[in-house]
Amino acid sequence: MTFIRSFIHSFFFFFFFFFFFFNILQPGTKWIPFSSTYMRPLRTHYGYINVRTQEPLQLDCDLCAIVSNSGQMVGQKVGNEIDQSSCIWRMNNAPTKGYEEDVGRMTMIRVVSHTSVPLLLKNPDYFFKEANATIYVIWGPFRNMRKDGNGIVYNMLKKTVDIYPNAQIYVTTEKRMSYCDGIFKKETGKDRVQSGSYLSTGWFTFILAMDACYGIHVYGMINDTYCKTEGYRKVPYHYYEQGRDECDEYFLHEHAPYGGHRFITEKKVFAKWAKNHRIIFTHPNWTVS
Ligand SMILES: *[C@@H]1O[C@H](CO)[C@@H](O)[C@H](O)[C@H]1NC(C)=O
Ligand SMILES: *[C@@H]1O[C@H](CO)[C@@H](O)[C@H](O)[C@H]1NC(C)=O
Ligand SMILES: *[C@@H]1O[C@H](CO)[C@@H](O)[C@H](O)[C@H]1NC(C)=O
């Protein structure tokens, strides 16, 4: 009995030290002893699975920067500020090259829609070789993400990690996808499928970032009333593409009977989350309390 108890004790002791030193030595993780984050191991996110190893995602950040793809980013000159964050999140194929002064140069996590995977594969040497330090999190419906050989996007990703073995590509599990739908239902009272809409990449990014980040700064995202505000700034939908106007696109999506993203509804929910989480929206600034 005594033997077993001392065995258990030394076992826990070993774990205590293992986690302590392991976390101190993690590059990119700011480990502050005696702070509220004391002894917090790297968080495991079981809803995100590595395509090559089938291991779940490990991710734990202090202050995160989520950089919007919006034309609002043009001329903001917040690149240096963004690059000082402990984790920098971008979405879909948003570029940094040529836009560094406004959006920064580093990318730690890139959350990508299944429909944007072909866009990344137009430039695979950049995304999966040069930017091999970036973690890719791909979301998509089961029909495209299934692993039995019939998921066309999963197949593309599988091929990609065969060619680029250092690429860190994760896919969202079917269970996690339902969980994200469930949150939409809980927050809006609407069933996403019945309402004929798709969740946005921003939605999936927020849900993971709220689990992985101690605090979040969101750059370049407009709020739910922005497009109805007197004298709002008219900008392109994406900072890296001319043509489509941001507010036109938002209205089009919000009212599309099928296949739209409810960007405006989602922004209302983000504002609510910002009241209970450490989330700040800047450029343009939101006041949420
Ligand atoms: C990862 O990226 C770095 C920097 O771009 C590059 O030097 C290195 O060769 C890449 N590693 C692999 C295995 O592709
Ligand atoms: C927005 O917030 C940032 C950071 O809090 C601040 O530096 C900036 O002056 C604000 N801009 C406006 C227009 O209020
Ligand atoms: C939303 O954005 C508009 C335009 O920037 C601003 O006037 C308004 O105060 C913002 N509302 C909130 C709640 O942040």
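The shell around ligand 3 splits into 2 nonpolar, 4 polar and no charged residues. Keep in mind that this is a predicted model, so every value here is computed from it. From that ligand we'll move on to ligand 1, then to the salt bridges, and end with the aromatic rings.

**Ligand 3 and its surroundings**

- Which residues surround ligand 3? They are N223, T225, Y226, T229, W286 and T287.
- N223 reaches out with its side chain: one of its polar atoms there sits 2.4 Å from an oxygen atom of ligand 3.
- T287 uses its backbone instead, where an N or O atom lies 2.8 Å from an oxygen atom of ligand 3.
- On its own, ligand 3 would expose 360 Å², and the protein buries 59% of that.

**Ligand 1 and its surroundings**

- Ligand 1 has K129, E130, N132 and N166 around it.
- Sorted by class, that shell holds no nonpolar, 2 polar and 2 charged residues.
- Two of the contacts involve the backbone: a polar backbone atom of K129 is 3.3 Å from an oxygen atom of ligand 1, and a backbone N or O atom of E130 is 3.1 Å from an oxygen atom of ligand 1.
- N132 joins in with its side chain, placing a polar atom 2.6 Å from a nitrogen atom of ligand 1.
- How much of ligand 1 does the protein cover? The answer is 41% of the 360 Å² of accessible area that ligand 1 has on its own.

**Salt bridges**

- The count for this model comes to 11 salt bridges.
- One of them joins the side chains of R43 and D60, with N and O 3.6 Å apart. This pair links distant parts of the chain: R43 belongs to the loop between α1 (2–25) and β1 (44–50), while D60 is in the loop between β2 (56–58) and β3 (61–67), 17 residues apart.
- Are R43 and D60 buried or exposed? R43 is partly exposed, at a relative accessible area of 25%, whereas D60 counts as buried, at 5%.
- E130, which we met beside ligand 1, also has a salt-bridge partner: its side chain meets that of K97, at 3.3 Å from N to O. K97 is in the loop between β4 (87–91) and α3 (100–103), and E130 is in helix α5 (residues 124–130), so the two are 33 residues apart and the pair links distant parts of the chain.
- Both K97 and E130 are exposed.
- D245 and K234 form another salt bridge through their side chains, with 3.7 Å from N to O. Both residues are in the loop between β9 (213–219) and α10 (246–255), 11 residues apart.
- Within that pair, D245 is buried, with a relative accessible area of 13%. K234 counts as exposed, at 56% relative accessibility.
- Salt bridges can also join up into a network, and K186, E187 and K272 are linked that way here.

**Aromatic rings**

- How many aromatic pairs turn up across the whole structure? A search finds 17.
- Take F184 and W203: their ring centres are 5.6 Å apart and their planes are at 75°, so this pair is edge-to-face.
- F184 is part of helix α8 (residues 174–188) and W203 is part of helix α9 (residues 201–212), so the pair ties together parts that are 19 residues apart in sequence.
- F184 counts as buried, at 2% relative accessibility, and W203 is buried too, with a relative accessible area of 0%.
- Now for F270 and W273: their ring centres are 5.7 Å apart and the planes are at 35°, so this pair is tilted.
- Where are F270 and W273? Both are in helix α11 (residues 263–276), 3 residues apart, or about one turn of the helix.
- F270 and W273 are both buried.
- Ring pairs also link F184, W203, F206, F270, W273, F281 and W286 into a cluster. W286 brings us back to the start, as it is one of the residues around ligand 3.

Terms used. Residues are numbered from 1 along each chain as its sequence is written. Chains are lettered from A and ligands numbered from 1 in the order in which they are written. This is a predicted model: local features need pLDDT of at least 70, side-chain atom pairs count only at pLDDT 80 or more; totals for chains, interfaces and linings use all residues. Side-chain values use heavy atoms; hydrogens and water are left out. A residue is near a molecule or strand if one of its heavy atoms lies within 4 Å of it. A polar contact is a pair of N or O atoms within 3.5 Å; within protein, one must be able to donate a hydrogen and the other to accept it, and residues adjacent in sequence count only if both atoms are side-chain atoms. Accessible areas come from the Shrake-Rupley method with a 1.4 Å probe; for residues, only the protein chains shown count as cover. Ala, Val, Leu, Ile, Met, Phe, Trp, Tyr, Cys and Pro count as nonpolar, Asp, Glu, Lys and Arg as charged, and the others, Gly among them, as polar. A salt bridge is a side-chain nitrogen of Lys or Arg within 4 Å of a carboxyl oxygen of Asp or Glu. Helices (H or I, at least four residues) and strands (E, at least two) are DSSP runs, numbered from the N terminus. Buried means under 20% relative accessible area, exposed over 50%, partly exposed in between (1.4 Å probe, protein chains only). Rings of Phe, Tyr and Trp (its six-membered ring) pair if their centres lie within 6.5 Å; planes under 30 degrees apart count as stacked, over 60 as edge-to-face and the rest as tilted.
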